[in-house]
Amino acid sequence: MIVVNTDYITGKNLQMLTLVKGSTIQSKNLGRDISQSFKTLVGGELKAYTEMMNEARELATQRMIEQAIGLGADAIVNVRYSSASVMQGAAEVMAYGTAVKFV
């Protein structure tokens, strides 16, 4: 599956199918959340949260791809990500784009 953030794929004519999306809500366990809270006192990267967001983006992307495959798509164009905090220590990540077929 080709996944790009442009609205075209060089050398391909595209037939637009529909919007596809994938999302997840991720949180870290209480122990890591407490340790990350201490990190905010001294500054620096919150590595546990960086890992959490990377995992969430990967899972959301995979779910988006699975939806596109189910539609018989060859690629997903114009891919975007969004994230939002749903509660302290938990975030929703959504991946979305346009499923297309090559013509």
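**Exercise 1. Determine which pattern of helices and strands the protein chain follows along the sequence.**

Solution. In this predicted model, local features need pLDDT of at least 70 and side-chain atom pairs count only at pLDDT 80 or more, while totals for chains, interfaces and linings use all residues. Residues are numbered from 1 along each chain as its sequence is written, and side-chain values use heavy atoms, with hydrogens and water left out. Helices (H or I, at least four residues) and strands (E, at least two) are taken as DSSP runs and numbered from the N terminus. Counting these runs gives two helices and four strands, and reading them along the sequence gives the pattern β-β-α-α-β-β.

**Exercise 2. State what share of the protein chain's residues counts as buried, and what share of its accessible surface belongs to carbon and sulfur atoms.**

Solution. A residue is buried under 20% relative accessible area, exposed over 50%, and partly exposed in between (1.4 Å probe, protein chains only). By this rule, 30% of the 103 residues of the protein chain are buried. Accessible areas come from the Shrake-Rupley method with a 1.4 Å probe, and for residues only the protein chains shown count as cover. The accessible surface of the chain comes to about 6,400 Å², and 52% of this belongs to carbon and sulfur atoms.

**Exercise 3. Identify the residues that form a nonpolar patch on the surface, and place Met1 and Ile69 in the chain.**

Solution. Patches are made of residues with over 30% relative accessible area and no salt bridge, where like charges are joined within 9 Å and nonpolar side chains (Val, Leu, Ile, Met, Phe, Trp, Tyr) within 5 Å; a salt bridge is a side-chain nitrogen of Lys or Arg within 4 Å of a carboxyl oxygen of Asp or Glu. The patch consists of Met1, Val3 and Ile69, which together have about 250 Å² of accessible area. Met1 lies in the segment before β1 (2-3) and is partly exposed because its relative accessibility is 41%. Ile69 belongs to helix α2 and counts as exposed because its relative accessible area is 51%. Although Ile69 and Met1 are 68 residues apart along the chain, their C-alpha atoms are separated by 8.0 Å.

**Exercise 4. Find where Asn78 lies, and describe its phi.**

Solution. Asn78 is part of strand β3 (residues 75-87), and its relative accessibility of 31% is why it counts as partly exposed. Its phi is near 60°, a positive value in a residue other than glycine. Most residues other than glycine have a negative phi.
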